[in-house]
Amino acid sequence: MSLCLVIDDMHPSLPDYMQEIGVQLHYRPDLKAAEVPAALAAHPYDGLMVRSKLRITAELLAYGPQLRYVCRAGAGVDNIDEEALAAAGVTLLNAPEGNRDAVGEYTVGLLLALFRNIVRADQEVHAGQWRREANRGEEIGGKTIGLVGYGHMGKAFARRLQAFDCTVLAYDHDPNCEANHHATLVSLPELQARAEVLSLHIPYSAANHHFVNEDFLRAFKNPLWLLNTARGEVLDHAALVQGLRDGQIRGAALDVLENEKLGTLNPEQQARFDYLSSAPSVLLSPHIGGWSFQSYRRINEVLARKLKAFLGAQEVA
């Protein structure tokens with residue numbers, strides 16, 4: 001039987017799923033990040049399950065020499081040193097299939113809120129103001145929506161856009177990216193020449209740091225609406241603020257920020273955040289795109305399925 005340490009809060013369905021596949025859990029979401037190394041060293045765990053409490057590094061892995069797998073309960077793996085895992089012979093399992101539908105729906109919601117001034121209109125009516133003409137909005141129909149990244153999240157968003165009679169283009173740097181009928185795969189220059197909306201769906205990595213920067217944005221022919229439900233660090237927020245000031249970016253909806261620990265912003269980050277939080281054409285939310293009641297449970301389902309396959313393959317080997 002596999003023994004797995006769980007260090008973050010998980011949907012309460014987890015024990016049942018793990019019992020079905022022969023995994024015993026030590027459920028310790030109370031552990032602080034600094035306490036995890038000692039916990040790993042105290043028991044012969046062959047598995048570790050995490051969300052985002054701490055970084056998984058070579059140093060941490062040394063405390064768990066018997067580890068065979070790390071489960072990331074979610075999609076992003078930017079808190080995990082994949083090279084360190086590979087060097088230690090540890091398999092990484094994550095669950096983008098678990099929250100892709102939540103992200104796809106939420107991104108549509110952000111686009112609608114941005115186009116139709118939903119948040120501002122709601123606030124004005126609550127304040128006793130009835131301003132119809134000032135809140136006249138845009139329709140998604142007829143627009144060209146450009147997606148950067150066409151993996152699980154990009155595909156989920158594109159599928160939902162089919163009901164809106166718009167054109168969906170997608171760029172992905174992976175030459176093996178699989179196309180489908182929900183979007184047309186194009187080169188980055190073509191996407192920049194045609195898109196009116198830019199939606200980001202790429203993971204964060206050192207190579208993707210500030211992938212969307214001033215030069216990238218200025219290469220777009222049309223003024224843009226910009227959506228980011230991926231990771232804050234893929235977008236240069238200084239370039240975003242400048243684009244908003246210049247009018248090259250017509251509006252932005254951000255579910256992720258460059259630094260999401262708002263109490264730790266440095267002066268430059270604080271200045272950018274102050275501008276974004278006061279700009280009427282910017283919507284902000286606290287990284288909740290994939291955060292639904294359904295995805296919370298579905299992530300467990302996906303991890304259980306992948307872990308069952310991994311353990312089965314290990315037994316055969």
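## What covers helix H7?

What covers the buried residues of H7? In this predicted model, the cover includes helix H5 together with strands S6 (144-148), S7, S9 and S10. There is plenty for them to cover, as H7 is mostly covered, with 7 of its 10 residues buried. If you would like to find these residues in the viewer, look for Met153, Gly154, Ala156, Phe157, Ala158, Arg160 and Leu161.

## How H5 meets H7

Let's take the helix partner next. H5 spans residues 96-116 and H7 spans residues 152-161; their axes are 8 Å apart and the helices pack at an angle of about 50 degrees. The angle makes H5 oblique to H7. The crossing, as H5 passes H7, is right-handed.

On the H5 side, the residues that meet H7 include Pro96, Arg100, Val103, Gly104, Thr107, Val108 and Leu111. From H7, His152, Met153, Ala156, Phe157, Arg159, Arg160 and Leu161 take part. Sorted by character, the residues of this contact come out as 8 nonpolar, 4 polar and 6 charged.

## The largest nonpolar core

Now for the largest nonpolar core, which has 29 residues; Leu191, Leu198 and Leu217 touch the most other members. At least two residues each are supplied by strands S7 (167-171), S9 (197-200), S10 (224-228) and S11 (249-254), and likewise by helices H8 (188-194), H9 (214-218) and H10 (237-246). H10 gives the largest share, 4 residues. In soluble globular proteins, nonpolar side chains tend to be buried together.

Leu198 is a handy place to start exploring. Setting aside neighbours within four places in sequence, Leu198 is in contact with Gly146, Val148, Leu191, Phe216, Leu217, Phe220, Leu224, Trp225, Leu226 and Leu227. Another core, of 23 residues, lies apart from the largest one, and Val108, Leu110, Leu111 and Ile140 are among its members.

## A buried cysteine in strand S4

Is Cys71 buried or exposed? Cys71, which lies in strand S4 (residues 69-72), is buried because its relative accessible area is 0%, and the cut-off for buried is under 20%.

Which residues is Cys71 in contact with, leaving aside neighbours within four places in sequence? They are Leu48, Met49, Val50, Leu93, Leu303 and Leu307. Arg132 offers a landmark elsewhere in the model: Cys71 and Arg132 are 61 residues apart along the chain, and their C-alpha atoms are separated by 50 Å.

Technical notes
Residues numbered from 1 in each chain as written. Predicted model: local features only at pLDDT ≥ 70, side-chain atom pairs only at ≥ 80, totals over all residues. Heavy atoms only, no water. Core = buried A, V, L, I, M, F, W, Y, C linked by side-chain atoms within 4.5 Å. Buried < 20%, exposed > 50% of the residue type's maximum accessible area, 1.4 Å probe, protein only. Contact = heavy atoms within 4.5 Å. Axes fitted to C-alpha atoms, helices over the stretch in contact; angles between N-to-C directions. Parallel < 35°, antiparallel > 145°, perpendicular 65-115°, else oblique. Left-handed = near helix turned anticlockwise from the far one by under 90°. Nonpolar A, V, L, I, M, F, W, Y, C, P; charged D, E, K, R; others polar.
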